Amino acid sequence: MIPPGARVWLSMGHTDMRKGMQGLALLVQEHLKRDPHGGDLYVSRGRAGSLVKIIWHDGIGMSLYAKRLERGRFIWPQATDGAVSLTSTQLACLLDGIDWRNPQYSWRPASAG
């Protein structure tokens, strides 16, 4: 669960997935010019596109979440540097391998009447 008020940032391009919490926090600080201890979530993707890592500081300590898709790839913007902000719903889609930029319902709402 993403805490209220926290923003989700995708780091553009690909990241060396050998990095741990400290290495990823340093990338956030140096390349994105953001505070990795400020309570926002920072999402990075590996070169192959099937692995993401998320770092988050909750005010007490840093957490690292990693997810590898068995099939498919995480949908990522084409930019090579900078960051893109996502909503928590878009992050949930991304982590399920769904194209968060244009999610499609698999059902049609019933018409009222």
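Q: Which residues on the two sides of S1 are buried?
A: This is a predicted model, in which local features need pLDDT of at least 70, side-chain atom pairs count only at pLDDT 80 or more, and totals for chains, interfaces and linings use all residues. In a regular strand the side chains alternate between the two faces of the sheet. Buried means under 20% relative accessible area (exposed is over 50%, partly exposed in between; 1.4 Å probe, protein chains only). By that rule both faces of S1 are covered, with Val-8 and Leu-10 on one side, and on the other Trp-9 and Ser-11.

Q: How many helices and strands does the protein chain have?
A: Residues are numbered from 1 along each chain as its sequence is written, and side-chain values use heavy atoms, with hydrogens and water left out. Helices (H or I, at least four residues) and strands (E, at least two) are DSSP runs, numbered from the N terminus. Reading from that end, the elements go β-α-β-β-β-β-α. The tally is two helices and five strands.

Q: Which strands stand at the edges of the sheet?
A: Two strands pair if DSSP finds at least two bridges between them. The five strands make an open sheet with mixed pairing, in the order S4-S3-S2-S1-S5. Being at an edge means having a single partner strand, so one side is left without a neighbour in the sheet. That describes S4 (62–68) and S5 (83–86).

Q: In which sense do S2 and S3 pair, parallel or antiparallel?
A: Start next door for contrast: S1 and S2 pair in the parallel sense over three bridges, and there Trp-9 stands opposite Tyr-42 in S2. Tyr-42 also stands opposite Ile-55 in S3. S2 (residues 41–45) and S3 (residues 51–57) are joined over five bridges, and their sense is antiparallel.

Q: What angle does the direction of H2 make with that of S5?
A: Contact means heavy atoms within 4.5 Å, and H2 (residues 88–95) packs on the sheet, touching S1, S2, S3, S4 and S5. For the angle, axes are lines fitted to C-alpha atoms (for helices over the stretch in contact), and values run from 0 to 180 degrees between N-to-C directions. For H2 and S5 that gives about 105 degrees.

Q: Why do the buried residues of H1 lie on the same side of the helix?
A: In H1, Leu-24, Ala-25 and Val-28 are buried, and the buried residues pack against S2, S3 and S4. The face turned away carries the exposed Gln-22 and His-31. The arc uses the directions from the helix axis to the C-beta atoms. The buried trio share a side because their arc is only 100 degrees.

Q: What is the relative accessible area of Asp-40?
A: Asp-40 sits in the loop between H1 (21–31) and S2. Beyond its neighbours within four places in sequence, Asp-40 is in contact with several residues, including Ala-6, Trp-9 and Ile-55. Asp-40 counts as buried, and its value is 17%.

Q: Which residue's side chain joins that of Asp-40 by a polar contact of 3.2 Å?
A: A polar contact is a pair of N or O atoms within 3.5 Å; within protein, one must be able to donate a hydrogen and the other to accept it, and residues adjacent in sequence count only if both atoms are side-chain atoms. The backbone nitrogen of Arg-7 lies 3.0 Å from a polar atom of the Asp-40 side chain. The side-chain partner at 3.2 Å is Trp-9.
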